[in-house]
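Grab your viewer and work through these exercises one at a time. Have a go at each task before reading the solution below it.

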Number of protein chains: 2
Amino acid sequence: MSDDSKDIPADTAADLRSRAAELDAADGLAKLRERFTLPDGVVYLDGNSLGALPAGVADTTADVVARQWGELLIRSWDESGWWTAPERIGDKLAPLVGAAPGQVVVGDSTSVNLFKALVGAARLAAPGRTRLLVDAATFPTDGYIAESAARMTGLTVVPVDPSHAAEAMDADTAVVLLNHVDYRSGRLHDLPALTAAARAAGAITVWDLCHSAGALPVGLDEHAVDLAVGCTYKYLNGGPGAPAYLYIAARHQADFDSPLPGWNGHADPFAMTPGFEAAQGATRGRVGTPDILSMLALESALDAWDGVSVEAVRAKSLALTDFFLECVAAYVPQGRVESVTPDEHERRGSQISLRTENAREVMGELISRGVIGDFRAPDVLRFGFTPLYVGFADAERAARTLGHIFG
Amino acid sequence: MSDDSKDIPADTAADLRSRAAELDAADGLAKLRERFTLPDGVVYLDGNSLGALPAGVADTTADVVARQWGELLIRSWDESGWWTAPERIGDKLAPLVGAAPGQVVVGDSTSVNLFKALVGAARLAAPGRTRLLVDAATFPTDGYIAESAARMTGLTVVPVDPSHAAEAMDADTAVVLLNHVDYRSGRLHDLPALTAAARAAGAITVWDLCHSAGALPVGLDEHAVDLAVGCTYKYLNGGPGAPAYLYIAARHQADFDSPLPGWNGHADPFAMTPGFEAAQGATRGRVGTPDILSMLALESALDAWDGVSVEAVRAKSLALTDFFLECVAAYVPQGRVESVTPDEHERRGSQISLRTENAREVMGELISRGVIGDFRAPDVLRFGFTPLYVGFADAERAARTLGHIFG
């Protein structure tokens, strides 16, 4: 990409590139990029869909296949710690979502965990309540699964705008399902206030953390969330389709009644008794045999977080998205794109979504020029900023490339 | 292991070893062992719990991690065929269970698939029927999940002895859940007759193929089974916790109503519409984002079946288990072990289960001597025979080692 194209003034570009270099030089997290393997010449802004490859995963996976499976074979269920991986990795992930140990268990997909959480929530809720409030702009699978959970527990789904969800919570509200960050707009919802409102209304909260965990502080324990789910392949970089997780607050564990009581969630699975007796703790959120290859890749991927504070990540994320918006304003002709992500920091996740005409074609052009974001129908360009491996020069180049396309 | 120990007559051992060598030399499948990586000096008879490592998996997994994920990143969902893997691998697996293409989808655990199948079966069943018949000796998770599915669909679980299940099927029977091969005893149940009986009674069948698929012909289409599930980490060698599969007979697909309608099972998932519209075909059995590392390891593992007929595998399996029983009779002092696996070929799976005192300790001793089987509470030694990589000399050595322990 040359700097001398006619559509962007050279001094504007020079100034922003210089600013980016200064910001990168001052960035205390910049060295974390070494913990990832990224292709040369690419600006990767799709870590909100599939996180980049952490450096240690290839060696871990090779060892899991060749030695743990190939040589130790069945013994690895004990000797390589396979059996206890769901709880062990759950505890490794827990600090990133503000959970004390023993409350997070890894396994299954987000959709499956959501089904467990919603049915479990319906069974924890006060008897007689009939409404399941669901974020009306939710990522679709949450809505589909909520309909199924409602159908099977006698509840009725009520779509709500998360900005006004608190007002909709009443004495007939059993369960509230909300996304922490909206997948399309990047809007961050007020988890502390909405959780408090649900508690005040006597409802059980289920939070979907897919687009927030690993990008900003969540504070599940601090804010007394009841149940939560999330994936691990976005900001947690666990790999394609890496196992999701389920958070069951300690105070609910004894009463959590899963609709998927598989043998891995049994108090004594190898006794192989005919009757189900749920294990203590988050273990009762387990179902079947864990997918070890995907799971141990995730465990290795989480090493990228060693010594990293989520608060520092959040500060860099806001600085990155602020700077990207500044660059977009400087490079892209006025009126060609409109940010649908809130400007206010307290309402912004770790992505910027720009609405534009021909969004699908524009994203295709960006990708062909080495800037990888993604497209969400009908008209949104999404740019995800993962502070562990994205820098300010990346943000500048992405905006400049977008400017060239519209130039 | 020396031949001159006092507890086994040298001529008996010499004769059986010579027989084993002849049988191995005449075995048309013997060369398939080269398709697996097995540790030296070990007789592995636990492929009915975790299959051995197929030779190509390590390279495939390394490529999936380093190139497909690390370099292609998000583009691999299309370019590396990630998105279509569940159906593609389902079709690759389908011939092993006697299914025409388009009816098997891979993903999730066996327990989760069982929940889909049982709830789906309850919704396919004639209205008003109340009974869910379940194999009383089932692998525990099937019973636990059946209780949950029954609770959530208004059915009542009725435990039945599979040998007498046909007599229990009546006009009030909605669904019948049976194991093709019993995990503990190795008993093979009569899938054609039991499926026909269920059909005659107007009930929907759900078969669990965990302990039969890859070891013997199943014939799902031929026998008009309605729904089936199975794991892929036993005789299919997909790796620890590899994704399971769901079979939905073509005639039921349009009406199959999954309790886990995740976005991957939507007719147009990337339209991201708020209402769920189920995809056509087996795709509607999909739920969330597939666990790609585990799934593509399975795809590679299935290459071990190239050019192999399940009928030939079955013939060798029966020959192996016959020979093992003969060796056990010759080597183990009378009265020390008792086979709980049926002698009749038409009632035998691909394992031999021997009941004995102190079974846990005996299996520990076998393993310490390089013969790996497993123990199932309270008193069963299990020896699984995977014809792709187990030979007659393995069977002889396993029985001889057992004889030494009891000598």
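## Exercise 1: a strand-to-strand pair

B:Arg355 is partly exposed, with 37% relative accessible area. The model you're looking at is predicted.

**Task.** Find which residue B:Arg355 forms a salt bridge with, and work out where the two partners lie.

**Solution.** Start at the side chain of B:Arg355: its salt-bridge partner is B:Glu338, and the closest N and O atoms are 3.6 Å apart. That falls inside the 4 Å cut-off, so the pair counts. Next, place the two ends: B:Glu338 is in strand S11 (residues 338-339) of chain B, and B:Arg355 is in strand S12 (residues 351-355) of chain B, so the bridge ties together parts 17 residues apart in sequence. Last, check the surface: B:Glu338 is partly exposed at 44% relative accessibility.

## Exercise 2: long-range salt bridges

**Task.** Take the salt bridges B:Arg33 with B:Asp394 and A:Lys92 with A:Asp303, and say how many residues apart the partners are in each.

**Solution.** Begin in chain B. The closest N and O atoms of B:Arg33 and B:Asp394 are 3.1 Å apart. B:Arg33 sits in the loop between helix H1 (10-26) and strand S1 (36-37) of chain B, while B:Asp394 belongs to helix H12 (residues 392-406) of chain B, so the pair connects parts 361 residues apart in sequence. For burial, B:Arg33 is partly exposed at 34%, whereas B:Asp394 is buried at 13%.

Now go to chain A. For A:Lys92 and A:Asp303 the closest N and O atoms are 2.5 Å apart. This pair links distant parts of the chain, 211 residues apart: A:Lys92 is in helix H4 (residues 85-93) of chain A, and A:Asp303 is in the loop between helix H10 (292-301) and helix H11 (310-331) of chain A. Here A:Lys92 is partly exposed at 29%, and A:Asp303 is partly exposed at 37%.

To put these in context, a search of the whole structure turns up 38 salt bridges over all chains.

## Exercise 3: the interface

**Task.** Describe how chain B meets chain A, going from area to individual contacts.

**Solution.** First, the extent: 72 residues of chain B are in contact with 72 residues of chain A. Together the chains bury about 5,800 Å², with 71% of it on carbon and sulfur atoms. B:Trp69, B:Tyr144 and B:Met272 supply 14% of the area chain B buries against chain A, more than any other three residues.

Second, the polar side: there are two salt bridges between the chains. One of them joins A:Asp257 to B:Arg151, with the closest N and O atoms 2.6 Å apart. A:Arg123 joins A:Asp257 and B:Arg151 in a network of salt bridges. Across the interface, 17 residue pairs are in polar contact.

Third, the make-up: H6(B) gives the largest share of the side of chain B that touches chain A, eight residues. By class, that side has 41 nonpolar, 21 polar and 10 charged residues.

## Exercise 4: one serine

**Task.** Is B:Ser294 buried or exposed, and what does B:Ser294 touch?

**Solution.** Locate B:Ser294 in helix H9 of chain B. Its relative accessible area is 2%, so B:Ser294 is buried. Leaving out residues up to four places away in sequence, B:Ser294 touches A:Asp291, A:Leu293, A:Ser294 and B:Pro243. Finally, zoom in on A:Ser294: a polar contact of 3.2 Å joins its side chain to that of B:Ser294.

Notes: Residues are numbered from 1 along each chain as its sequence is written. Chains are lettered from A and ligands numbered from 1 in the order in which they are written. This is a predicted model: local features need pLDDT of at least 70, side-chain atom pairs count only at pLDDT 80 or more; totals for chains, interfaces and linings use all residues. Side-chain values use heavy atoms; hydrogens and water are left out. Contact means heavy atoms within 4.5 Å. Buried area is the accessible area (1.4 Å probe) that two parts lose on being put together, summed over both. A polar contact is a pair of N or O atoms within 3.5 Å; within protein, one must be able to donate a hydrogen and the other to accept it, and residues adjacent in sequence count only if both atoms are side-chain atoms. Helices (H or I, at least four residues) and strands (E, at least two) are DSSP runs, numbered from the N terminus. Ala, Val, Leu, Ile, Met, Phe, Trp, Tyr, Cys and Pro count as nonpolar, Asp, Glu, Lys and Arg as charged, and the others, Gly among them, as polar. Buried means under 20% relative accessible area, exposed over 50%, partly exposed in between (1.4 Å probe, protein chains only).
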